[in-house]
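Student: Could we go through the pockets and the ligand site together, setting each value against its definition?

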Amino acid sequence: MTTQPARLTVLAGPTAVGKGTVSADIRTRYPEVWLSVSMTTRAPRPGEVDGVHYHFVSPERFDEMVERGELLEWAVVHGRNRYGTPRGPVEERLAAGAPALLEIDLQGARQVRASMPDARFVFLAPPSWDELVRRLVGRGTEDEEERERRLASARVELAAEPEFDHVVVNDDVHRATDELVSLMGLPTR
Ligand code: 5GP
């Protein structure tokens with residue numbers, strides 16, 4: 001049974017918990033789920049495609065979008081790059097009566113809650129703190145300084161769990177994705 005399919009769902013959670021992996025799993029196994037493509041000022045990682053994983057933009061272009069009010073929310077993540085959700089596509093999607101999903105950081109989730117309190121807020125949690133550290137170190141894509149920065153953010157972000165409507169534990173990516181899709185009121189397979 002589907003419930004309120006046109007609602008906005010916001011997925012947030014600490015760094016390295018696997019939000020990106022869940023997003024990738026959604027793109028692969030649930031292509032019918034509309035996932036917002038964020039703007040970012042960071043450089044693409046190998047394999048990331050502009051317009052699919054992110055819109056990679058210059059700081060000047062990002063400033064322009066902020067000034068014009070074109071972002072639903074935006075934040076400086078890990079004290080470094082800026083990330084934001086383009087407002088237009090989300091509003092169009094919801095106006096058409098269709099569900100939408102944002103995968104953003106905690107600061108962004110709080111901004112969305114202020115402007116769209118009816119959205120559904122889902123916290124992706126690690127099975128444990130040790131497992132989160134393992135995933136952060138194991139990914140190996142960040143240097144020591146960046147890892148420390150991300151761990152510091154993760155500690156603060158973990159404490160935000162009670163602010164959310166639902167908690168999904170990322171013990172297994174397919175299982176976590178299925179739970180999220182089900183929370184969105186959409187059929188799982
Ligand atoms: P990464 O650089 O590893 O792709 O993402 C870093 C962090 O930025 C992740 O926690 C991700 O959830 C967050 N993020 C991605 N897109 C957005 C966005 O549009 N807004 C906000 N506030 N955070 C975002």
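**Pockets and ligand**

Student: Which element gives the largest share of the lining of the largest pocket?

Tutor: H1 does, with six residues; helices are DSSP runs of H or I with at least four residues, strands runs of E with at least two, numbered from the N terminus. This is a predicted model, where local features need pLDDT of at least 70, side-chain atom pairs count only at pLDDT 80 or more, and totals for chains, interfaces and linings use all residues. Residues are numbered from 1 along each chain as its sequence is written, and side-chain values use heavy atoms, with hydrogens and water left out.

Student: Why does the pair formed by Tyr 54 and the ligand count as a polar contact?

Tutor: A polar side-chain atom of Tyr 54 lies 2.5 Å from an oxygen atom of the ligand, and a polar contact is a pair of N or O atoms within 3.5 Å, so this pair qualifies. An N or O atom in the side chain of Glu 73 is 2.8 Å from a nitrogen atom of the ligand, and for Thr 85 the distance to a ligand oxygen atom is 3.4 Å, so both of these pairs also fall within the limit.

Student: How many residues surround the ligand, and which are the closest?

Tutor: There are 16, the closest being Ser 38, Arg 42, Tyr 54, Tyr 83 and Glu 103; to be near, a residue needs a heavy atom within 4 Å.

How values were computed:
A polar contact is a pair of N or O atoms within 3.5 Å; within protein, one must be able to donate a hydrogen and the other to accept it, and residues adjacent in sequence count only if both atoms are side-chain atoms.
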